[in-house]
Amino acid sequence: MSKPKGNPADRTLCPVARAETVVGDRWTVLVLRELFARNHRFEEIQAYTGATPQMIAARLKKLEADGLVTRRIYNKHPLRHEYHLTEKGAAFFPVMFALRAWGETWCKSPRDGLSMNYTHLTCGKLAGLGPVCQACGEPLHWADMVAERMPKYQRERDARWEAFKATR
């Protein structure tokens, strides 16, 4: 008896199984995190995720093929691209925001404090952990928020960047 061909998720109507084939691994989620943080260049994504160039390239290629990311040339000689979220990619924000809220609530010590604060531009107040603004009650959208890293998390990211540059 032969096995069915193709992606197993294509043989189910389950949206979770299908979504998992697009964003269901750690490195893909971390690449998306960096794109939501407005880091568009390959070396930024690599430095802040800690992934190898091969892992980042493979995830970006797949995200582009799946329609979540588009490449834009920022340098012709040598050819260099930036990576930007498409409408489909930006639509992943509520999932990313929910994952952040879950991680802040269940995967860290309360002593660590929040890693990020988001200001809701609509009302000008802290948004909280979502999905609606803790101040005004409006649904939160990526385009309507500004993120601020807390000092401890910013130092961690700065150290990652410096360690990355030291290997260049």
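**Salt bridges, backbone and charged side chains in a predicted model**

Trainee: By about what distance along helix α7 are E156 and R160 separated?
Mentor: E156 and R160 lie in helix α7 (151–166), where helices (H or I, at least four residues) and strands (E, at least two) are DSSP runs numbered from the N terminus. The model is predicted: local features need pLDDT of at least 70, side-chain atom pairs count only at pLDDT 80 or more, and totals for chains, interfaces and linings use all residues. Residues are numbered from 1 along each chain as its sequence is written, and side-chain values use heavy atoms, with hydrogens and water left out. Because E156 and R160 are four residues apart in helix α7, their separation is about one helical turn.

Trainee: What is the N to O value for the side chains of E156 and R160 where they meet in a salt bridge?
Mentor: A salt bridge is a side-chain nitrogen of Lys or Arg within 4 Å of a carboxyl oxygen of Asp or Glu. The side chains of E156 and R160 meet in this way, with an N to O value of 3.7 Å.

Trainee: Which residues do salt bridges that share partners join into one network?
Mentor: E156 has 39% relative accessibility and counts as partly exposed, the class between buried (under 20% relative accessible area) and exposed (over 50%), for a 1.4 Å probe and protein chains only. R160 is partly exposed as well, at 35%. The network that arises from shared salt-bridge partners consists of R33, E34 and R157.

Trainee: Is E34 buried or exposed?
Mentor: E34 forms a salt bridge with R33, and their closest N and O atoms are 2.8 Å apart. R33 is partly exposed, with a relative accessible area of 25%. E34, by contrast, has 0% relative accessibility and therefore counts as buried.

Trainee: How many residues apart in sequence are the parts that E82 and R41 tie together?
Mentor: E82 and R41 form a salt bridge whose closest N and O atoms are 3.1 Å apart. E82 belongs to strand β2 and R41 to the loop between α2 and α3, so the parts tied together are separated in sequence by 41 residues.

Trainee: What relative accessibility does R41 have?
Mentor: Its partner E82 is buried, with a relative accessible area of 18%. R41 counts as partly exposed, and its relative accessibility is 30%.

Trainee: The charged end of R41 sits over the ring of which residue?
Mentor: A charge sits over a ring if NZ of Lys or CZ of Arg is within 6 Å of the ring centre and within 35 degrees of the ring normal. R26 provides one case, its charged end sitting over the ring of W27, 4.6 Å from the centre. For R41 the value is 3.7 Å, and the ring is that of Y74.

Trainee: Where is P131 found?
Mentor: The peptide bond from G130 to P131 is cis, with omega near 10°. The bond from H77 to P78 is also cis, with omega near -5°, and P78 is found in the loop between β1 (69–75) and β2 (80–85). P131 is found in the loop between β4 (125–126) and β5 (145–149).

Trainee: What is the relative accessible area of R38?
Mentor: R38 is not a glycine, yet its phi is positive, near 65°. This residue is found in the loop between α2 (26–36) and α3 (42–49). R38 is partly exposed, and its relative accessible area is 44%.
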